[in-house]
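Hi,

Here is the structure I said I would pass on. Have a look at it first, and then read my notes below.

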Amino acid sequence: MVDVLCSAACSLAVLLTVPLDGQPVRFGVPLPTAALARGLRLDGRGALQWRRLPVAVDGDLAWVELAIVGPRGMVRVLAGGSGPDDDRDGAAFAYERTVAATPAGQELRERWLWRDGVVDERRRLQHRGELTGGADAPRAGEATTVVSAQFDERALAWCRLPTARLVDAGLLPPPGGGGDAARALRRHLASTLPSLRELPGPRGAGDYGRSGGVVTNLEFDTTFALLRCGIGLRDESALRKALRSGRHLVDCDLDGASGLPYPHGLDHRSGTPEPGHAWLQGVLWLALLTADDELVAAAQGLGLALALHPPRGAGATDRMRDLAWPLLELEALLRWWPDVRCAQAADRCAAAIAGRWDAGRRRFHFGEDATADGGVLERGWLASGLLLPALRAHLRRRPAATLASCVDAMERRIQAVVASRGDGVPTHWRLDQAGAAYALHRESATAGACFALEGLPRRELGEVLARSAVRRATANVPSPDDPDLPTAFTLVARCDWVWR
């Protein structure tokens with residue numbers, strides 16, 4: 001267990017209190033840069049080792065790897081001590097890394113030799129060609145990662161980390177607004193987690209299936225959803241699932257040519273990679289929380305793939321998701337990796353969205369919105385749950401008065417529709433020339449109804465969730481027997497408002 005003290009404790013130079021159970025711990029944690037400048041030391045029996053992770057500083061927080069080995073008991077991490085490269089003779093572990101070409105492909109082998117004699121190991125084989133062995137055999141271009149029995153246990157202390165530190169870092173949203181409805185939905189997610197069954201075999205581990213024999217390929221970022229459950233619910237099983245999902249994405253689902261993941265289909269690699277079906281936040285947060293440089297590189301690679309493959313849809317294939325998902329994911333990455341190529345790509349996405357502004361209807365218009373009778377269909381669940389958060393994230397990095405006024409106008413209009421009284425939550429509707437909504441399609445007990453609330457500001461969210469009709473519409477979602485449970489679960493569990 002890790003008990004992070006409040007920021008006032010920095011004046012006492014105490015940063016973390018860590019109860020040890022006799023086994024090593026190793027994880028990533030954001031710490032104040034001022035404390036790191038003074039070095040770190042351990043108060044208590046044991047050895048501490050630390051290093052900066054290869055990501056940027058955000059505000060006054062920097063991510064570091066902490067490794068501690070010692071007997072059972074309480075230790076404290078204090079400011080004022082050794083630097084990251086000091087005292088190697090007293091290090092918590094020695095790290096070995098080898099890369100070798102084998103007949104099957106290139107193999108990366110890593111070993112952590114702890115000073116108490118424990119050895120952790122991870123081996124990743126990048127397969128050169130097709131393997132025999134049926135549907136579960138790896139395909140050319142895939143990889144197989146095998147970790148030692150206790151490898152994942154080192155970072156499970158994060159399930160007990162106080163959420164204030166995670167709010168500061170950005171994994172969880174600031175509290176407030178969700179109220180009783182969000183608390184009830186979190187309890188339901190906790191009870192539904194055991195119903196999530198991974199696909200069979202080593203190649204299926206970490207991924208999930210849905211109705212029609214479809215492999216989800218972690219659609220909507222199941223890794224991110226599971227990670228939020230692991231941390232927000234303090235559920236070690238959810239965090240273990242998230243770790244397997246992150247590995248699965250990197251090992252099985254990435255297209256070697258584009259760098260983008262394959263979307264859902266009848267196999268892990270049967271769809272056509274596209275920017276509207278690429279998510280990196282789950283892998284990025286796993287990388288930070290587990291101090292995994294390989295996953296950091298994977299998240300960066302996904303960001304560059306999004307930068308290099310902009311959407312090219314036109315007419316009915318000009319889709320909101322193809323610009324908004326990349327924008328949201330790139331902005332999340334840019335907070336910790338301010339790469340100029342990714343920043344330019346995010347700026348291009350935002351500019352392309354801004355260029356679709358329809359002032360009369362106070363919305364951003366995409367080709368997919370046009371109906372056969374010349375009208376406009378608004379996918380409100382995506383406009384609220386995806387487009388508004390993506391544009392807000394961009395404006396935090398790149399303030400722009402004109403775009404901000406458009407976003408504010410669209411937000412007020414969508415709020416009025418989503419917050420309108422009636423059974424269920426509006427998820428789709430038509431718009432007249434003045435932007436007034438009609439022919440509202442309302443949903444209850446669906447993931448879309450929950451996602452439609454994501455764009456509401458905190459105060460309005462609280463007011464809407466106070467209504468009994470909305471609470472009923474968002475309660476007990478998803479159903480454990482939903483044939484599309486993994487997709488619905490992901491869409492709900494990734495929402496900020498659920499964790500407020």
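Before the details, one term: two strands count as paired if DSSP finds at least two bridges between them. Also keep in mind that this is a predicted model.

I started with the sheet. It is an open one, built from 4 strands in the order 8-9-10-11, and the pairing is antiparallel. Strand 8 (93-102) and strand 11 (143-147) are the edge strands; each has a single partner strand, so one side of each has no neighbour in the sheet. From one strand to the next, the twist averages 10°.

Next, the pair at one end of that order. Strand 10 (residues 119-127) and strand 11 run antiparallel and are joined by 5 bridges. If you want a spot to zoom in on, Arg 124 sits opposite Thr 145 in strand 11. Helix 6 (residues 236-253) packs on this sheet and touches both strand 10 and strand 11. The direction of helix 6 makes about 150° with that of strand 11.

The other thing I looked at is Glu 368, which is in the loop between strand 15 (363-364) and strand 16 (376-378). Is Glu 368 buried or exposed? Its relative accessible area is 15%, and the cut-off for buried is under 20%, so Glu 368 counts as buried. What is around it? Setting aside neighbours within four places in sequence, Glu 368 is in contact with Gly 315, Ala 316, Asp 318, Arg 319, Met 320 and Arg 379. For Met 320 there is a polar detail too: its backbone nitrogen lies 2.9 Å from a polar atom of the Glu 368 side chain.

Cheers

Technical notes
Residues are numbered from 1 along each chain as its sequence is written. This is a predicted model: local features need pLDDT of at least 70, side-chain atom pairs count only at pLDDT 80 or more; totals for chains, interfaces and linings use all residues. Side-chain values use heavy atoms; hydrogens and water are left out. Helices (H or I, at least four residues) and strands (E, at least two) are DSSP runs, numbered from the N terminus. Axes are lines fitted to C-alpha atoms, for helices over the stretch in contact, and angles run from 0 to 180 degrees between N-to-C directions. Contact means heavy atoms within 4.5 Å. Buried means under 20% relative accessible area, exposed over 50%, partly exposed in between (1.4 Å probe, protein chains only). A polar contact is a pair of N or O atoms within 3.5 Å; within protein, one must be able to donate a hydrogen and the other to accept it, and residues adjacent in sequence count only if both atoms are side-chain atoms.
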